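User: I am new to this structure and would like a close look at a single part, the surroundings of the ligand. Please take me through what is there, and add a helix if one can be described well.

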Amino acid sequence: MQYSQLISSMEESATLGIAKKVRALKAEGRDIIGLTLGEPDFDTPEHIREAAKQALDKGFTHYPPVTGYPALREAIVAKLKRDNGLDYAADQIVVSTGAKQSLYNVVLAMLNPGDHAILIAPYWVSYRAMLHLAQAEVTEIETDIAAAYKVTPEQLEAAIKPNTRLLFLNTPSNPTGSMYSREELEALVEVLERHPQVYVISDEIYEYITFGMEHVSLGTLGNMFDRTITVNGFSKGFAMTGWRLGYIAAPREIAKLTEKLQGQSTSGANAFAQQGAIAAMTGGMESVNAMRDEFLKRRDMLFADLKAIEGLEVILPDGAFYFYPDLKNFLGKTTPAGQKLTDINELCLYLIEEEGLALVPGAAFGTKSHVRLSYAYSEQELKEAAKRLGSGLGKLS
Ligand SMILES: Cc1ncc(COP(=O)(O)O)c(C=O)c1O
């Protein structure tokens with residue numbers, strides 16, 4: 001049997017793959033700490049859970065409208081106005097089974113095989129897989145620690161081609177935690193305004209997890225509104241990963257196409273989960289802010305511990321809940337058992353074997369010498385993880 005070449009050649013999600021390995025090793029009884037997961041370690045706030053429970057009893061157990069319940073789409077419109085200064089109408093909102101599905105919908109709705117898309121490396125793992133499925137041509141722009149892993153206008157200009165259709169922008173970023181300032185975004189918009197064929201996916205899923213820096217939505221700048229697909233969801237800010245709910249706010253033609261695709265695939269997002277999401281959009285932000293404050297405490301604590309590891313290069317992120325240290329000074333070194341570590345995957349395997357510490361290798365995010373550490377873990381786990389990382393790296397010669 002010849003199976004699909006497109007799916008066979010697609011990369012597995014590295015973050016989910018490592019999480020699977022951590023579970024397997026733990027099941028064998030090994031003492032493993034894995035700072036691998038991209039999900040808040042908090043429970044969904046109570047008012048949201050209550051709304052979903054009541055929705056079940058109220059009969060929200062039937063097929064939902066494909067694009068989401070009108071009340072939820074209206075609540076999202078109000079939220080985008082209130083928090084982001086964006087003026088969308090309800091028919092521009094499409095609710096999906098997670099922002100991940102929203103992104104797949106947009107990519108499949110917008111691209112033809114051979115269309116060109118631009119990723120800014122490091123980028124979130126799944127962008128690449130989506131573009132693979134759409135058979136797009138991809139350019140990865142490399143950024144570095146000195147630029148806080150952000151793209152410059154010159155780099156962007158140089159990457160754009162006549163057939164460029166999509167740019168992926170993610171602020172705050174997974175995996176780096178970096179955020180673009182208003183001025184930085186305006187400088188990128190100046191470039192984009194010269195290239196009207198380029199649309200931008202603005203992935204703002206970490207917008208509520210920011211530590212003092214203003215979150216700016218690309219769609220508010222210059223004439224970008226009509227060329228921006230704003231992607232957001234409930235997973236990160238509201239600790240609702242398992243609910244599988246996300247949405248786009250987009251130009252109407254794109255919203256329509258994603259509606260058609262979704263109507264032929266999932267038929268829409270879970271009915272009673274959407275009622276919880278309405279409570280999330282319309283309720284108070286106290287619990288969201290409390291989670292953010294907890295992340296901030298952990299960020300500062302872990303940053304101090306990471307800075308103390310000699311040879312490790314790291315910057316203080318402005319948002320999300322990740323560190324993305326550069327371990328280039330350790331590649332090429334030798335383990336106590338005499339193994340030379342030639343790439344970041346080998347280094348990560350060594351840390352699991354030697355120290356029981358699981359991190360996500362940066363190869364998954366399009367860079368060669370980094371690891372991603374999530375700090376959506378308890379302070380105790382973070383302390384222990386930093387200790388193991390320092391110990392494992394310290395043993396290399
Ligand atoms: C940058 C980014 N975008 C989108 C998603 C997808 O989120 P979800 O499908 O849970 O809404 C994630 C989740 O890890 C992410 O990190």
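Analyst:

**Around the ligand**

Of the 14 residues around the ligand, Ala99, Asn174, Asp203, Ser235 and Lys236 come nearest. The model is a predicted one.

By class, this shell is made up of 6 nonpolar, 4 polar and 4 charged residues. Helix H5, which covers residues 99-110, gives the most to the shell, with 3 residues.

Several contacts involve oxygen atoms of the ligand. A polar backbone atom of Ala99 is 2.7 Å from an oxygen atom of the ligand. For Lys100, a backbone N or O atom lies 2.9 Å from a ligand oxygen atom. Ser235 takes part through its side chain, where a polar atom lies 2.6 Å from an oxygen atom of the ligand. On its own, the ligand has 390 Å² of accessible area, and the protein covers 93% of that.

**A helix to add: H3**

Helix H3 runs over residues 46-57, and its end C-alpha atoms are 17 Å apart; this agrees with the 16 Å that its 12 residues should span, because each residue is taken to add 1.5 Å. Ile48, Ala51, Ala52 and Ala55 of H3 are buried. Seen down the axis of H3, the buried residues fall within an arc of 95 degrees, so they line one face of the helix. Glu46 and Asp57, on the other side of H3, are exposed. For these two residues, exposed means over 50% relative accessible area, while buried means under 20%.

Key
Residues are numbered from 1 along each chain as its sequence is written. This is a predicted model: local features need pLDDT of at least 70, side-chain atom pairs count only at pLDDT 80 or more; totals for chains, interfaces and linings use all residues. Side-chain values use heavy atoms; hydrogens and water are left out. A residue is near a molecule or strand if one of its heavy atoms lies within 4 Å of it. A polar contact is a pair of N or O atoms within 3.5 Å; within protein, one must be able to donate a hydrogen and the other to accept it, and residues adjacent in sequence count only if both atoms are side-chain atoms. Accessible areas come from the Shrake-Rupley method with a 1.4 Å probe; for residues, only the protein chains shown count as cover. Helices (H or I, at least four residues) and strands (E, at least two) are DSSP runs, numbered from the N terminus. Ala, Val, Leu, Ile, Met, Phe, Trp, Tyr, Cys and Pro count as nonpolar, Asp, Glu, Lys and Arg as charged, and the others, Gly among them, as polar. The expected span of a helix is 1.5 Å times one less than its number of residues. Buried means under 20% relative accessible area, exposed over 50%, partly exposed in between (1.4 Å probe, protein chains only). The arc is that of the directions from the helix axis to the C-beta atoms.
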